[in-house]
Amino acid sequence: MVADRIRRMTFASIYPMYVQKVERKDRSTADLDRVLTWLTGYDGPGLARAVADEVDLETFFAEAPAMNPDAVLITGVICGVRVEEITDPLMQQIRWMDKLVDEVARGKKMSSILRGSTAA
């Protein structure tokens with residue numbers, strides 16, 4: 001099943017793809033890390049540790065220090081599916097992350113990406 005394959009993917013395998021995506025669109029890794037820390041509560045060293053330890057996405061989100069309560073405000077379509085309609089909590093978190101990365105790459109204003117929050 002596709003969902004099982006996605007759950008087992010490591011954060012270390014997708015993070016470099018996220019970096020390439022945002023840099024290709026002239027955005028910085030700092031912008032990427034800012035939205036990831038906003039979403040998950042990880043800090044910079046925590047993200048680096050998740051990459052180094054090659055944790056899978058299920059573990060990455062299960063061990064997230066503090067999922068942002070405003071994440072429920074993330075709406076839109078990713079991979080042809082509306083993120084607000086995803087019923088599996090882990091898959092929704094993964095798609096929230098994908099959606100935020102897409103918004104960074106598209107050059108959306110950071111205040112909009114962070115759903116009005118200025119904290120990272």
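Student: Which residues are buried in helix 2?

Tutor: Phe11, Ala12, Ile14, Tyr15, Tyr18, Val19 and Val22 are buried, where buried means under 20% relative accessible area with a 1.4 Å probe, protein chains only. Helices here are DSSP runs (H or I, at least four residues), numbered from the N terminus. Keep in mind that this is a predicted model: local features need pLDDT of at least 70, side-chain atom pairs count only at pLDDT 80 or more, and totals for chains, interfaces and linings use all residues. Residues are numbered from 1 along each chain as its sequence is written, and side-chain values use heavy atoms, leaving out hydrogens and water.

Student: OK, where do those buried residues sit around the axis of helix 2?

Tutor: They line one face of the helix, because they fall within an arc of 160° seen down its axis; the arc is that of the directions from the helix axis to the C-beta atoms.

Student: And what do they pack against?

Tutor: Helix 3 (29-40), helix 4 (44-52), helix 5 (57-62) and helix 6 (89-105), with contact meaning heavy atoms within 4.5 Å.

Student: New topic: how many aromatic pairs are there?

Tutor: Four. Rings of Phe, Tyr and Trp (its six-membered ring) pair if their centres lie within 6.5 Å; planes under 30 degrees apart count as stacked, over 60 as edge-to-face and the rest as tilted. Phe11 and Tyr15 have ring centres 5.5 Å apart and planes at 40°, so this pair is tilted.

Student: Where do Phe11 and Tyr15 lie?

Tutor: Both are in helix 2, four residues apart, about one turn of the helix.

Conventions:
Buried means under 20% relative accessible area, exposed over 50%, partly exposed in between (1.4 Å probe, protein chains only). Helices (H or I, at least four residues) and strands (E, at least two) are DSSP runs, numbered from the N terminus.
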